[in-house]
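Reader: Hi! Could you pick one part of this structure and walk me through it slowly? I'm new to this, so please explain the terms as you go.

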Amino acid sequence: GAATRDRLRIAIQKSGRLAEPARKLLAACGLSWRESRDKLFCYGESLPVDLLLVRDDDIPGLIADGVCDLGVVGRNELDEQAGARAQIGLPQAYRELRALGFGQCRLMLAVPEDWEWTGPEQLRGKGLRIATSYPSILVGWLQEQQIDAQVVELSGSVEIAPRLGTAELICDLVSSGATLKANQLKPVETLLESEAVLAGPAGGFDDARAALAQMLLRRMDGVLQVRE
Ligand code: PRT
Ligand code: ZN
């Protein structure tokens with residue numbers, strides 16, 4: 001909401017790949033907290049900057065709704081939800097403020113190992129099914145490539161879809177490539193280069209949070225520069 005606030009609230013992942021590096025980065029920016037008993041909220045002690053510990057999927061929505069001011073989330077999640085909002089006519093509610101240098105991965109199209117890959121145009125006119133948890137990014141890419149494939153949305157275990165017969169190929173996050181290999185798939189096209197990002201509202205702040213966010217960004221830039 002538009003309520004005036006004098007504390008900044010940052011959403012980070014509660015547990016998972018980005019949880020630990022996000023907390024470390026914020027601690028390196030000089031923040032310290034007192035944890036609530038349920039461990040969902042951390043009250044900022046060194047600065048009026050609190051943490052909300054949530055599922056990564058919830059972070060874009062929490063920023064859009066003004067429940068949180070900033071968030072640490074994968075670009076893949078942020079772009080996917082921005083695309084989904086745009087598709088139903090909602091305004092852009094958030095933007096990427098900084099790339100954070102951890103949680104790197106690629107959103108890739110992967111095909112069965114025994115396919116000979118010559119390029120995206122080989123998918124045209126085949127009525128293929130592609131399984132993914134990122135339907136809006138995939139649909140955007142398919143439109144760009146003028147490919148008329150069917151998108152099968154799955155919330156997890158996308159890599160087993162070809163073996164189950166739910167889809168011929170998949171579009172999923174890849175880091176080492178081991179998961180694809182274990183499922184006799186190979187990555188062929190990159191749709192998105194992703195990493196953890198600091199996200200904030202599209203509009204910025206008009207109260208005490210503006211100065212807090214500015215200070216945090218300045219400190220973060222210092223920390224990220226040293227890490228490079
Ligand atoms: O509980 P919550 O919803 O918060 O967690 P989650 O399970 O949805 O997220 P999590 O912790 O798995 O991932 C959080 C973020 O980490 C993602 O949104 C990405 O931005 C980033 N990230 C980086 C990855 C990976 N690397 C990654 N490899 N997220 C997922 N994977 C998965 C991928 O989906 C596939 O299943 O790992 C598998 C592939 O890994 P490799 O090494 O075998 O290629
Ligand atoms: Zn998630």
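Author: The arrangement around the zinc ion (ligand 2) is irregular because its 4 donor atoms subtend angles of 69 to 175°. Donors here are N, O and S atoms within 2.8 Å of the metal (3.2 Å for Na, K and Ca), and water isn't among the atoms, so sites may look incomplete. Irregular means neither tetrahedral (four donors, all angles between 85 and 135 degrees) nor square planar or octahedral (four or six donors, opposite ones over 155 degrees apart, all others between 65 and 115). This is a predicted model, where local features need pLDDT of at least 70 and side-chain atom pairs 80 or more, while totals for chains, interfaces and linings use all residues. Residues count from 1 along each chain, chains are lettered from A and ligands numbered from 1 as written, and side-chain values use heavy atoms, without hydrogens or water.

So who holds the zinc ion (ligand 2)? D56 and D57 do, each through OD, at 2.0 to 2.1 Å. D56 is partly exposed, with 21% relative accessible area, and D57 is also partly exposed, at 29%. Partly exposed lies between buried (under 20%) and exposed (over 50%), using a 1.4 Å probe and protein chains only.

Now for the largest pocket, with about 930 Å³ of space. It is lined by 37 residues, and R17, N76, Y134, D172 and L173 are the closest to its centre. Domain 1 (8-103 + 195-227) and domain 2 (105-193) each give at least three residues to the lining of the largest pocket; those bounds come from an automatic or database assignment.

Terms used:
On a 1 Å grid over the protein atoms alone, a cavity is a set of points where a 1.4 Å probe fits but cannot get out, and a pocket is an open set with protein on both sides within 12 Å along at least five of seven lines; lining residues have an atom within 4 Å of a point. Grid points are joined across faces, edges and corners, and a volume is the space filled by probe spheres set on the points.
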